[in-house]
Amino acid sequence: MKKYLFALLISIFVTACMFIKPDELKIITPVELYQAMQKKDIFLVDVHVPEQGHIKGTDLFTPYNQIEENLDKFPKDKRTPIYLYCVSGYMSNVAARTLFESGFTEIYSLKGGTNAWLDDGYVIE
């Protein structure tokens with residue numbers, strides 16, 4: 001019985017994680033985010049709860065679970081590239097789904113979040 005329950009819980013967890021990451025979401029590395037920040041003006045959003053230190057140049061902090069309530073703070077042009085990050089990447093994926101459902105088309109998520117950003121030698125404020 002315990003094995004069955006454990007298998008069921010693992011199955012639910014894996015399915016939930018797969019559901020969270022939209023197919024259209026572009027996952028980028030810290031190096032790719034840094035390069036994008038150097039080449040163009042990007043819209044960078046921290047979605048981590050609770051609020052943490054931010055990557056320099058962050059345009060907006062809004063909790064991942066309050067995206068819908070804060071859509072007016074996002075660019076009016078829904079084709080504007082939006083770069084999301086949190087601590088590990090999970091909350092960014094949830095936020096991305098909400099943005100895609102709201103009509104945004106160019107969403108990027110920082111793989112590994114600020115943990116990976118710091119591991120690669122970049123800093124947060």
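**Exercise 1. Overall composition**

What percentage of the 125 residues of the protein chain count as buried? State also how the secondary-structure elements are arranged along the chain.

*Solution.* The structure is a predicted model. Step 1: of the 125 residues, 39% count as buried. Step 2: the chain holds 4 helices and 5 strands. Step 3: read from the N terminus, these elements follow the order α-β-α-β-β-β-α-β-α. Step 4: among contacts with a separation of 6 or more, 67% are accounted for by residues 24 or more positions apart.

**Exercise 2. The sheet**

Determine the order of the strands in the sheet and whether their pairing is parallel or antiparallel. Which strands stand at the edges?

*Solution.* Step 1: begin with β1, which is joined to β5 by 3 bridges, the two strands running parallel; here I27 stands opposite S109. Step 2: β5 is also joined to β4 by 3 bridges, again in parallel, and I82 stands opposite I107. Step 3: 4 bridges connect β4 with β2, and these strands run parallel; F43 stands opposite I82 in this pair. Step 4: β2 and β3 are joined by 2 bridges and run parallel, with D46 opposite F61. Step 5: the result is an open sheet of 5 strands in the order β1-β5-β4-β2-β3, with parallel pairing. Step 6: β1 and β3 (60-61) each have a single partner strand, so one side of each lacks a neighbour in the sheet; these two strands stand at the edges.

**Exercise 3. Two faces of a strand**

Which residues of β4 lie on each of its sides, and are they buried or exposed? Carry out the same analysis for β5.

*Solution.* Step 1: the side chains of a regular strand alternate between the two faces of the sheet. Step 2: in β4, I82 and L84 lie on one side, Y83 and Y85 on the other. Step 3: all four of these β4 residues are buried, and both faces of the strand are covered. Step 4: in β5, I107 and S109 point one way, whereas Y108 and L110 point the other way; all of these are buried as well. Step 5: β4 and β5, together with helix α3 (residues 90-101), make a right-handed β-α-β unit.

**Exercise 4. The nonpolar cores**

How many residues does the largest nonpolar core have, and which have the most contacts inside it?

*Solution.* Step 1: the largest core has 17 residues, and those with the most contacts inside it are V45, V47, F74, I82, L84, L99 and I107. Step 2: at least two residues of this core come from each of β2, β4 and α3. Step 3: α3 provides the largest share, 5 residues. Step 4: another core, of 12 residues, lies apart from this one and includes I28, A36, Y108 and W117. Step 5: consider L84 in detail. Beyond its neighbours within four places in sequence, L84 is in contact with V45, V47, S92, A95, A96, L99, I107, Y108, S109 and L110.

**Exercise 5. The buried face of helix α2**

Which residues of helix α2 (residues 30-39) are buried?

*Solution.* Step 1: the buried residues are P30, L33 and A36. Step 2: viewed down the helix axis, they fall within an arc of 125°, and they therefore line one face of α2. Step 3: the face turned away from this buried side carries Q38 and K39, which are exposed. Step 4: the cover over the buried residues includes β1 (26-28), β2 (43-46), β4 (82-85), β5 (107-110) and α4 (113-119).

**Exercise 6. Two loop residues**

Where is C86 found, and where is S102 found? Describe the surroundings of both residues.

*Solution.* Step 1: C86 belongs to the loop between β4 and α3. With a relative accessible area of 1%, C86 falls under the 20% limit and is therefore buried. Step 2: C86 and D46 are 40 residues apart in sequence, yet their C-alpha atoms are 5.8 Å apart in space. Step 3: not counting residues up to four places away in sequence, C86 touches D46, V47, H48, Q52, M91, S92, G113 and T114. Step 4: S102 belongs to the loop between α3 and β5. Its relative accessible area of 16% is also under 20%, so S102 is buried. Step 5: a polar atom of the S102 side chain lies 2.9 Å from the backbone oxygen of T98. Step 6: leaving aside neighbours within four places in sequence, S102 is in contact with L71 and K78.

Note on methods:
Residues numbered from 1 in each chain as written. Predicted model: local features only at pLDDT ≥ 70, side-chain atom pairs only at ≥ 80, totals over all residues. Heavy atoms only, no water. Buried < 20%, exposed > 50% of the residue type's maximum accessible area, 1.4 Å probe, protein only. Arc of directions from axis to C-beta. Contact = heavy atoms within 4.5 Å. Pairing = 2+ DSSP bridges. Right-handed = clockwise from strand over helix to strand, strands pointing away. Core = buried A, V, L, I, M, F, W, Y, C linked by side-chain atoms within 4.5 Å. Polar contact = N/O pair within 3.5 Å; in protein donor to acceptor, adjacent residues only side chain to side chain.
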